[in-house]
Amino acid sequence: MRCPYCGHHDLKVVDSRDSEVGEAIRRRRECLQCGQRFTTYERIEAVPFYVTKKDGRREDFDPQKLFTGLKKATEKRDISPERLRAIVDDIEAELRRSGRVEIPSGEIGEMVMDRLRDLDEVAYIRFASVYREFMDLQQVKREIEQVLSSRRPRCWENFSGNPNSGKESSAAPGAAR
Ligand SMILES: [Zn+2]
């Protein structure tokens, strides 16, 4: 690294601290020749990996997008954002450990469903219906029957039967009597 003012390469770090912006470390450096000070940022380079869609398109893995999908599937269920964040972190960690650069989106969907199934059956069915692109209620029914037969039923009273209708729950505030 060279001084941006005089080009000299004998520099001294005078201050070092974590940046408030992201994962960067901020350093104040001083040129030992001209005495000018300047700031550098150092950050860990994350190894990128990609999600390949069914139609062959490739996009960056986006934890935030995954989180948004989970939030949607668990809407009005009693699941904290921290739990969802933990699922996203867990999946990202597992994908990074795998060392692969391209991961099919369907595989990520299955990883999400594995975790949702243990957490909340309603959220699981909602997510599965979108991810597996259920074409009709028969498929939803079969999936539900599978979940029910694999574990003791609970919490089914809130299931609306149509997980694709996004605006199913627009309860007016203060409408409760
Ligand atoms: Zn200098």
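This report walks through the two sheets, the helices around them and the confidence of the model.

**Confidence first**

What you have above is a predicted model. The mean pLDDT of the protein chain is 80, and 79% of its residues reach 70 or more. One stretch deserves some care: over residues 163-177 pLDDT stays under 50, and the model has eight contacts beyond four places in sequence for these residues. Where pLDDT is low, the predicted coordinates should not be read in detail.

**The sheet of strands 1, 2 and 3**

Let us start with the open sheet of three strands in the order 1-2-3, where the pairing is antiparallel. Its edges are formed by strand 1 (11-18) and strand 3 (37-42); each has a single partner strand, so one side of each is left without a neighbour in the sheet. On average, neighbouring strands of this sheet are turned by 25° against each other, direction ignored. Strand 2, residues 25-31, runs antiparallel to strand 3, and six bridges join the two. If you would like a residue pair to look for, Arg-26 has Tyr-41 in strand 3 as its bridge partner.

**The sheet of strands 5, 4 and 6**

There is also an open sheet of three strands with the order 5-4-6, and here the pairing is mixed. Strand 5 (58-60) and strand 6 (102-104) stand at the edges with a single partner strand each, so one side of each has no neighbour in the sheet. From one strand to the next, the twist averages 35°. Strand 4 (residues 50-52) and strand 5 run antiparallel and are joined by three bridges. Within this pair, Val-51 stands opposite Glu-59 of strand 5. Helix 3 (residues 105-119) packs on the sheet and touches strand 4 and strand 6, its direction making about 65° with that of strand 6.

Here are two antiparallel strand pairs, with their bridges:

| Strand pair | Bridges |
|---|---|
| Strand 2 (residues 25-31) and strand 3 | Six bridges |
| Strand 4 (residues 50-52) and strand 5 | Three bridges |

**The buried side of helix 1**

Now for the helices. In helix 1, which spans residues 63-73, Leu-66, Leu-70 and Ala-73 are buried. These residues lie on the same side of helix 1, because they cover an arc of only 60° around the axis. And what do the buried residues of helix 1 pack against? Their partners are helix 2 (81-98), helix 3 and helix 4 (121-131). Helix 3 thus appears in both settings: it packs on the sheet, touching strand 4 and strand 6, and the buried residues of helix 1 pack against it.

Note on methods:
Residues are numbered from 1 along each chain as its sequence is written. This is a predicted model: local features need pLDDT of at least 70, side-chain atom pairs count only at pLDDT 80 or more; totals for chains, interfaces and linings use all residues. Two strands pair if DSSP finds at least two bridges between them. Helices (H or I, at least four residues) and strands (E, at least two) are DSSP runs, numbered from the N terminus. Axes are lines fitted to C-alpha atoms, for helices over the stretch in contact, and angles run from 0 to 180 degrees between N-to-C directions. Two residues are in contact if their C-beta atoms, placed from the backbone, lie within 7 Å. A residue is buried if 20 or more other C-beta atoms lie within 10 Å of its own, exposed if 12 or fewer, and partly exposed in between; C-beta atoms are placed from the backbone. The arc is that of the directions from the helix axis to the C-beta atoms. pLDDT is the predictor's confidence in each residue, from 0 to 100.
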